[in-house]
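Work through the following exercises with the sequence and the 3D structure open beside you, trying each task before reading its solution.

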Amino acid sequence: KECDWSSDVCSSDLRLLKSEVDEAWRKFFGGEIPDGPSLRLEFPTRWLRIHALPESKRYAEGEEQYQEIWARQRTVINEVLDGAEVFLISSSFSESPKPVSNPKVRNLGYQSEFWQSFEIEPNESYCHLFTDSIPRNDENLRHLLRLAANDEIANVMLFSMSTGNLLHPYDGGVDIFFAEPGQVEAARQKYKHWLSSRPDGL
């Protein structure tokens, strides 16, 4: 049975999950809203972007290129995120402050717990965030990240609450946010063949 997210009648387990994510988010990201571009601006020394495909190609053309995107996504999931479980943060968008789920995400079994909303345009558009605790090898994660790679869904993140490392996959690449700036240089060397040649790292 789904939660009535607006009336606080979710199970105690889901409320506990929300509390845990709240605490971990404040620890590593303070009061910053969970929005990929905003995090990039707020934490530039903790950020690194990898490209989804060679030669900065944005979208896949054919299954071979989808395989390459997934190989890169899976690599950073396994190497950057710690632990058997990660926290998926996914989004939906609406013109109302009342939270609604995204059917494409919901159909994959996600968005079990509403977390928070923030305004995109005052009184006009809103982003609603949901959290799920999932295994790193969750069978539907590949399908979810393909939707993100196709720009069919937006503002998806994978968060390790133990280390504070976070991934933000989207069409064209993955933003990696480390808990400490000192971790960036080692990752820059490890993923040097997947990085942008632009000075701004994009």
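**Exercise 1. Identify what Glu152 touches beyond its sequence neighbours, and place this residue in the chain.**

Leaving aside residues up to four places away in sequence, Glu152 touches Lys104 and Leu147, where contact means heavy atoms within 4.5 Å. Glu152 sits in the loop between α5 and β5; helices (H or I, at least four residues) and strands (E, at least two) are DSSP runs, numbered from the N terminus. Glu152 counts as partly exposed because its relative accessibility is 36%, given that buried means under 20% relative accessible area, exposed over 50%, and partly exposed in between (1.4 Å probe, protein chains only). Between the C-alpha atoms of Glu152 and Asp171 the separation is 8.9 Å, with these positions 19 residues apart along the chain. Just after α5, Asp151 takes a positive phi of about 60 degrees.

Before going on, note that the model is predicted, that local features need pLDDT of at least 70 and side-chain atom pairs count only at pLDDT 80 or more, whereas totals for chains, interfaces and linings use all residues. Residues are numbered from 1 along each chain as its sequence is written, and side-chain values use heavy atoms, with hydrogens and water left out.

**Exercise 2. Describe the overall make-up of the chain and its dimensions.**

Begin with the elements: the chain has six helices and seven strands, and from the N terminus they follow the order α-α-β-α-β-α-β-β-α-β-β-β-α. The radius of gyration is 17 Å, close to the 17 Å that the globule rule gives for 202 residues, so the chain is as compact as a globular protein of that length; this radius is taken over C-alpha atoms, and the rule is 2.2 Å times the number of residues to the power 0.38. Along the principal axes, the C-alpha atoms fill a box of roughly 50 × 35 × 35 Å. Of the 202 residues, 49% are buried, and among contacts with a separation of 6 or more, 67% are between residues 24 or more positions apart.

**Exercise 3. Work out the strand order of the sheet, and then examine the edge strand β1.**

First, the order: seven strands form an open sheet, β1-β7-β6-β5-β2-β4-β3, with antiparallel pairing, where two strands pair if DSSP finds at least two bridges between them. The edge strands, each pairing on one side only, are β1 (47–51) and β3 (113–121). Direction ignored, neighbouring strands are turned by 25 degrees against each other on average, the axes being lines fitted to C-alpha atoms (for helices over the stretch in contact), with angles running from 0 to 180 degrees between N-to-C directions.

Next, the edge: β1 is joined to the antiparallel strand β7 (residues 173–177) by five bridges, and Arg49 stands opposite Asp175 in β7. In a regular strand the side chains alternate between the two faces of the sheet. Both faces of β1 are covered, with Trp47, Arg49 and His51 buried on one side and Leu48 and Ile50 buried on the other.

**Exercise 4. Find which strands helix α5 touches, and state what covers its buried residues.**

Helix α5 (residues 141–149) packs on the sheet, touching β2, β4 (125–135), β5 and β6 (166–170), and its direction makes about 60 degrees with that of β6. The buried residues of α5 are Leu141, Leu144, Leu145, Leu147, Ala148 and Ala149, and their cover includes α3 (63–80) and α4 (103–106) as well as β2, β4, β5 and β6. Among these strands, β2 (residues 85–94) and β5 (residues 157–159) pair over three antiparallel bridges, with Leu158 in β5 as the bridge partner of Leu88.

**Exercise 5. Classify the aromatic pair of Phe28 and Phe159, and say why it links distant parts of the sequence.**

Rings of Phe, Tyr and Trp (its six-membered ring) pair if their centres lie within 6.5 Å, and planes under 30 degrees apart count as stacked, over 60 as edge-to-face and the rest as tilted. Phe28 and Phe159 are 6.4 Å apart centre to centre with 85 degrees between the planes, an edge-to-face pair. Phe28 lies in helix α1 (residues 12–29) and Phe159 in strand β5, so the pair ties together parts that are 131 residues apart in sequence. Both Phe28 and Phe159 are buried, and they belong to one aromatic cluster with Trp25, Phe29, Phe43 and Trp115.
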